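Here are my notes on the model you asked me to look over. I've kept them as numbered points, so skip around as you like.

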Amino acid sequence: MKIGIVGLGLMGASFGRTVRAKEKGTVYGADISEDTILKAELIGAIDGVLDVKTASEIDLLVISVYPRDFRKVAESYLPYMKKGSVVLDFCGIKRTVCEEMKELSASYPDINFVGGHPMAGREYSGIDHSVTTLFERASMLMIPVRTDIFAEEKLKAFFLSLGFGSVVFTTAETHDEIISFTSQLCHIVSNAFIKSPVAQEHHGFSAGSYRDLTRVARLHPKMWSQLMIDNKDKLKPELDLLIENLKKYSDALGKSDEKALENLLAEGNDLKLKIDARRNK
């Protein structure tokens with residue numbers, strides 16, 4: 001398979017490195033930074049540069065950029081892509097991107113369009129932190145926009161061959177709703193938690209709980225603020241619900257109501273056990 005990747009940051013470069021390490025295809029790459037392209041060639045993330053000529057050869061175009069930049073990037077390569085090839089994105093939200101895919105598919109009916117989101121990442125960003133193991137056992141979310149079952153099955157088999165643990169088909173609406181809770185809200189909580197003055201004095205007093213909760217406080221502010229604002233109709237209700245629940249714990253502490261606090265903690269503990277049990281079935 002011949003693959004083009006636009007956006008050679010953590011996700012794009014890691015994807016290219018994984019494809020090449022597992023000998024699953026030839027990879028061409030493009031990025032707004034010439035230095036990043038050169039580095040991608042040096043570390044083995046790409047075989048060559050994605051341009052007009054190589055764009056006409058690729059079977060899969062992976063667009064790994066900010067959601068607001070997706071359409072501009074797609075339109076710069078679509079005129080050169082061959083019949084039956086696939087455009088797939090790695091953007092963090094799906095409704096706006098998939099809507100743009102629908103609109104583009106009217107002009108390019110011979111191209112397959114699929115929304116994608118690897119459920120993998122690190123607290124670091126950029127090509128310097130790319131690795132060949134980022135997607136091992138990760139879930140790959142796919143949102144078919146305009147494609148056929150054969151292209152979908154071929155993509156599924158391809159992702160599984162790269163080491164993904166599963167491929168989950170969903171809708172753009174469901175994706176953005178659930179991701180607001182499982183990803184975006186977690187980053188807000190972690191980012192807010194670290195703002196306590198006590199965090200400056202934690203060394204020697206912290207263990208796994210602190211490390212787990214603060215890992216994603218480190219993030220790319222520009223990217224995450226864009227993702228959160230563009231998904232605010234899903235994210236804000238989750239944040240408001242969290243604040244409402246936290247208020248209950250605060251009230252119980254303020255009243256020294258040990259029984260109420262015990263009940264709140266038991267409720268959360270039991271929910272976690274039920275959720276984990278359902279997953280393991």
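1. A quick definition before we get to the sheet: two strands count as paired if DSSP finds at least two bridges between them. With that in hand, take β4 and β5, which run parallel and are joined by four bridges. One bridge you can look up directly is the one between I63 and D89, the latter sitting in β5.

2. Some context for the whole thing. Keep in mind that this is a predicted model. The protein has 11 helices and eight strands, and its C-alpha atoms fill a box of roughly 70 × 40 × 35 Å along the principal axes. Of the 281 residues, 40% are buried. If you take contacts between residues at least 6 apart in sequence, 74% of them join residues at least 24 apart.

3. Now the sheet itself. What is the strand order? Reading across, it goes β3-β2-β1-β4-β5-β6-β7-β8, an open sheet of eight strands with mixed pairing. The edges are β3 (48–49) and β8 (166–169), each of which pairs on one side only.

4. On top of that sheet you'll find helix α4 (residues 70–77), which touches β1 (2–6), β2 (26–30), β4 (60–63) and β5. The direction of α4 makes about 155° with that of β4.

5. β5 deserves a closer look. Besides its pairing with β4, β5 (residues 86–89) pairs with β6 (residues 112–119), again in the parallel sense and over four bridges. Here V87 stands opposite F113 of β6. As a reminder, side chains in a regular strand alternate between the two faces of the sheet. In β5, V86 and L88 point one way while V87 and D89 point the other, and all are buried. So the aspartate that partners I63 is among those buried residues.

6. On to helix packing. Two packed helices are described by the angle between their axes and the distance between the axes. For α7 (residues 172–193) and α10 (residues 232–254), the angle is about 50° and the axes are 8 Å apart. The two helices are therefore oblique to each other, and their crossing is right-handed.

7. Which residues make up that α7–α10 contact? From α7 you have E173, D176, E177, S180, F181, Q184, L185, I188 and V189. On the α10 side, the partners are K234, L235, E238, L239 and L242.

8. Cysteines: the structure holds zero disulfides. C91 is in no disulfide, and the nearest cysteine sulfur, that of C98, is 9.2 Å away. For a disulfide, the two sulfurs would have to be within 2.5 Å. As for surroundings, C91 is buried, with a relative accessible area of 1%, whereas C186 is partly exposed at 37%.

9. Last, a couple of backbone spots to check in your viewer. E23 has a phi near 55°, a positive value in a residue other than glycine. This glutamate lies in the loop between α1 (10–21) and β2, and is exposed, with a relative accessible area of 71%. R137 has a positive phi too, near 65°, and is likewise not a glycine. You'll find R137 in the loop between β6 and β7 (139–146). Is R137 buried or exposed? At 70% relative accessibility, R137 counts as exposed.

How values were computed:
Residues are numbered from 1 along each chain as its sequence is written. This is a predicted model: local features need pLDDT of at least 70, side-chain atom pairs count only at pLDDT 80 or more; totals for chains, interfaces and linings use all residues. Side-chain values use heavy atoms; hydrogens and water are left out. Buried means under 20% relative accessible area, exposed over 50%, partly exposed in between (1.4 Å probe, protein chains only). Contact means heavy atoms within 4.5 Å. Axes are lines fitted to C-alpha atoms, for helices over the stretch in contact, and angles run from 0 to 180 degrees between N-to-C directions. Angles under 35 degrees count as roughly parallel, over 145 as roughly antiparallel, 65 to 115 as roughly perpendicular and the rest as oblique. A crossing is left-handed if the near helix is turned anticlockwise from the far one by less than a right angle, and right-handed if clockwise.
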